[in-house]
2 protein chains.
Amino acid sequence: MRQSNPPFMSGVPELLLLRLLGQREMYGYELVRSIKLVTNDAITLGEGVIYPVLHSLERNGALKAKRKKVDGRTRVYYALTARGRKRLERLHGEWRRIQSGVAAAMEEPANA
Amino acid sequence: MRQSNPPFMSGVPELLLLRLLGQREMYGYELVRSIKLVTNDAITLGEGVIYPVLHSLERNGALKAKRKKVDGRTRVYYALTARGRKRLERLHGEWRRIQSGVAAAMEEPANA
DNA sequence: TGTGATACCTTTTACTTCGAGGTATACTCC
DNA sequence: GGAGTATACCTCGAAGTAAAAGGTATCACA
């Protein structure tokens, strides 16, 4: 049986979503624009990325959804659960680890 | 026709390889251990990742290979070309961009 | 002789992410 | 009334990277 861990750098879309939803609840379409904003245009995630991740996080119990009708349009607001908060912490830690690993590799030229 | 850009977070293995080879020439097996070392164990890339990347970089003209016989064993040393140096610069810039984008998103918000 | 380290390589699988599409409502402008 | 744009949801298929596992061969050493 062949099994494979996820690629070591993955999960950043998830991290960003969880982070934003940790501050306040938002809906999918809003998150798409918000991510572009808060990353200073460095990262743009389309709806084809956002919605599937949102759904899988909800299935996982990291988010809970709430439908709201605003101006005739339906929005699905997502809020972090306790489980989601834990997952955020974990992913954040992993990110820091990778990030400082790369930083260490890119730094020092001090050799022969 | 459907075409897709590479995932926005990819290319870190390549970046690390190019970086190390920018300091001195090394061979594949050595790079595997070296990456683990210089990233303080944060990143471990197996041979199944290293060798294919090495080969594709060579095909691309970013690296040039040189076979050496040492103690009866054959080693394939790789060195950066001018093209490789350019690629390193580009990837490094992209990484910085992504990295600071994530950092901005993760910062404390100072809001209500 | 057989085990472990060195050194190369490839193939298969798993996984994420991307792009393009599709639906529907509301608002504006002509 | 019709066209066009913005909002808001969604899904499917393709693309591409990285992971794991396996395969070969040499050398050392016990």
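Here is a walk through this predicted model, from the two protein chains to the DNA and then to some local backbone details.

Let's start with how the two protein chains relate. Turn chain B by 180°, shift it 0.0 Å along the axis, and it lands on chain A with an RMSD of 0.2 Å. That is what a two-fold axis does. If you want to find the axis from the chain B side, look for M9(B): its C-alpha is the one in chain B nearest the axis, at 3.4 Å. Both copies use the same surface to meet, since 100% of the contact residues of chain B recur in chain A.

Now for DNA strand D. There are 31 residues around this strand, and the ones that come nearest are N5(A), Y27(A), Y29(A), E47(A) and R75(A). On the DNA side, sugar and phosphate make up 74% of the strand D atoms that come within 4 Å of the protein.

Which elements supply at least two residues each to the surface near strand D? From chain A you have α2 (28-38), α3 (47-60) and β3 (73-80), and from chain B there are α1 (12-23) and α3 (47-60). Helix α3(A) gives the largest share, with five residues. By residue type, the surface near strand D is a mix of eleven nonpolar, twelve polar and eight charged residues.

Zoom in on some individual polar contacts and you'll see that both backbone and bases of the DNA are involved. A polar backbone atom of G28(A) sits 3.4 Å from a phosphate oxygen of strand D. The side chain of E47(A) places an N or O atom 2.7 Å from a base nitrogen. The side chain of R73(A) has an N or O atom 3.3 Å from a base oxygen.

Strand β3(A), one of the elements that supply the DNA-facing surface, is also worth following into the sheet. It pairs with β1(A), residues 26-27, in the antiparallel sense over two bridges. Here Y27(A), which is among the residues nearest strand D, stands opposite Y77(A). β3(A) also runs antiparallel to β2(A), residues 63-70, and eight bridges join these two strands. One matched pair to pick out there is A65(A) with its bridge partner Y78(A). As you look along the strands, remember that side chains in a regular strand alternate between the two faces of the sheet.

The hairpin of β2(A) and β3(A) has two residues between the strands, and D71(A) takes a positive phi near 55° there. Most residues other than glycine have a negative phi. D41(A) is another case to check: it is not a glycine, yet its phi is positive, at about 65°. You'll find D41(A) in the loop between α2 and α3 of chain A. Its relative accessible area is 45%, so D41(A) counts as partly exposed.

Over in chain B, the loop between α2 (28-38) and α3 holds N40(B). This residue, also not a glycine, has a positive phi near 55°. N40(B) is exposed because its relative accessible area is 59%, and exposed means over 50%.

One last stop is G48(A), which is found in helix α3 of chain A. Is G48(A) buried or exposed? With 66% relative accessibility, it counts as exposed. G48(A) and V32(A) are 16 residues apart along the chain, and their C-alpha atoms are separated by 9.9 Å.

Key: Residues numbered from 1 in each chain as written. Chains lettered and ligands numbered in written order. Predicted model: local features only at pLDDT ≥ 70, side-chain atom pairs only at ≥ 80, totals over all residues. Heavy atoms only, no water. Near = heavy atom within 4 Å. Polar contact = N/O pair within 3.5 Å; in protein donor to acceptor, adjacent residues only side chain to side chain. Helix = DSSP H or I, 4+ residues; strand = E, 2+ residues; numbered from the N terminus. Nonpolar A, V, L, I, M, F, W, Y, C, P; charged D, E, K, R; others polar. Pairing = 2+ DSSP bridges. Buried < 20%, exposed > 50% of the residue type's maximum accessible area, 1.4 Å probe, protein only. Least-squares fit on C-alpha atoms with pLDDT ≥ 70 in both. Contact = heavy atoms within 4.5 Å.
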